[in-house]
Amino acid sequence: MKQEKNIPYKIYLEEDEMPKSWYNMRADMKTKPAPLLNPGTLQPMTFDELRGVFCDELVRQELDDTTAYIEIPAEIRDFYRMYRPSPLVRAYCLEEKLQTPAKIYYKFEGNNTSGSHKLNSAIAQAYYAKQQGLKGVTTETGAGQWGTALSMACAYLGLDCKVYMVKVSYEQKPFRREVMRTYGASVTPSPSETTNVGRKILAEHPGTTGSLGCAISEAVEVATSNEGYRYVLGSVLNQVLLHQSVIGLETKTAMDKYGIEPDIIIGCAGGGSNLGGLISPFMGQKLRGEKDYRFIAVEPASCPSFTRGKFAYDFCDTGMICPLAKMYTLGSGFIPSPNHAGGLRFHGMSSTLSQLYHDGYMEAVAVEQTSVFEAAEQFARVEGILPAPESAHAIRVAIDEALKCKETGEEKTILFGLTGTGYFDMVAYEKFHDGEMTDYIPTDEDLQKGFDGLPKVDK
Ligand SMILES: *Cc1c(COP(=O)(O)O)cnc(C)c1O
């Protein structure tokens, strides 16, 4: 195996090299992401309006477009130390397999029980809830990684955790549910009879298997109607990107230590939190005009918010009770085709990343799921890690870029985010192995139905 002198397979940081502050990309953006709007008045949501739903400190972080570095409280740093720093891996084996001159690195976030990067924000959100003296938090989960991460964080801090889990996942992934219950969370399949919005959705769509948007509506209703509870969200929001900046900051420190400079940085994009976190310090340099990088967001062709969505104000949830966010969106009524197995199924995208994409700082590509699983399998067989289908979107494009280098002979340095492991996604892998996985690309008419439901906002 060719190994570059002085560059090990795995680059670990020392504990004292871990970041002490999160980095807030918005501070360096000339055009700030558009504010959340009150759906009733269409005016920007104020601190007081948001604090009914979210914890106070998290609202401050959500609204803070100017502070570049926000200190990570010591207790959160202690928790991070249980599973961080995460390794930055040089994919020597994959490079050899592909016979590419490209140098491929990935930051692996799957080294914790929740199996993904989501724990980085879960512990921060639970910490601020605890600081505020709350009893507990509510949330939604789709594939289950966020619910698991939040359950772990709440168990650690002694907070109650109520998870609304998209019904189809609840039924298909009973083991995910049991992991959450092991950490003390209560898990309710959504839509459910336990909320007004759930009952309404069930009456209108009997037999529905649910969606993230429905589960969000239910979790928000429970948080706002129970004393001592707030709602927390695992992606999309500015505060979540802020917490996830720990991924990029560690990566940058590790790369700087070895004099490595990435040319291309790739991440999968569901709501945008891992990608926003991974790219943050690099994007900061680009925004400040210090350096240039190519950033590529990878999304499923069956849920193509960046590549085929509209940049508009939209609801984050199906029940239309959440604030409006300006983002690339397919419409809050959009539900990906049931054959879509690979996660990343949220209809919208982080407003920070949406603004950066709109302003030309980032590229996006959509990939089909069978090609994603091919890449996942190829990667697993040489690098050993069984990737989450979400993460495999980034692997697909990293491989494609490495193969382009093989044609041109360019020795580019490619960095991608390997967000998690796929042990709970074996039903999807099984479909792929049995040749039963198909690709579905929504037609323009399918997408138009989602766009027709966009709220009319002149901003
Ligand atoms: C949730 C999740 C994602 C997508 O969420 P983002 O907010 O877009 O990062 C990607 N990979 C894994 C493993 C996840 O659990």
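This is a short tour of the ligand site and of one residue, Thr329, in a predicted model.

Before you start, residue numbers run from 1 along each chain as its sequence is written, and side-chain values use heavy atoms, without hydrogens or water. Because this is a predicted model, local features need pLDDT of at least 70 and side-chain atom pairs count only at pLDDT 80 or more, while totals for chains, interfaces and linings use all residues.

**Stop 1: the ligand**

Select the ligand and the residues near it (a heavy atom within 4 Å). You should find 17 residues around the ligand, the closest being Lys118, Ser235, Gly270, Asn274 and Thr419. Colour this shell by type and you get 4 nonpolar, 11 polar and 2 charged residues; here Ala, Val, Leu, Ile, Met, Phe, Trp, Tyr, Cys and Pro count as nonpolar, Asp, Glu, Lys and Arg as charged, and the others, Gly among them, as polar.

Next, show Gly270, where a backbone N or O atom sits 2.7 Å from a ligand oxygen. On Thr419, a polar side-chain atom is 2.7 Å from a ligand nitrogen. Add His117: an N or O atom of its side chain is 3.2 Å from an oxygen of the ligand. With the protein in place, 94% of the ligand's own 380 Å² of accessible area is covered (Shrake-Rupley method, 1.4 Å probe).

**Stop 2: Thr329**

Now go to strand E13, residues 324-329, and pick Thr329 (strands are DSSP runs of at least two residues, numbered from the N terminus). Is Thr329 buried or exposed? Thr329 counts as buried because its relative accessibility is 0%, and buried means under 20% relative accessible area (1.4 Å probe, protein chains only). Look along its side chain to find a polar atom 2.9 Å from the backbone nitrogen of Gly331.

Finally, show contacts of Thr329 (heavy atoms within 4.5 Å). Beyond its neighbours within four places in sequence, they include Ser305, Lys310, Asp314, His347 and Phe451.

Technical notes. A polar contact is a pair of N or O atoms within 3.5 Å; within protein, one must be able to donate a hydrogen and the other to accept it, and residues adjacent in sequence count only if both atoms are side-chain atoms. Helices (H or I, at least four residues) and strands (E, at least two) are DSSP runs, numbered from the N terminus. Buried means under 20% relative accessible area, exposed over 50%, partly exposed in between (1.4 Å probe, protein chains only).
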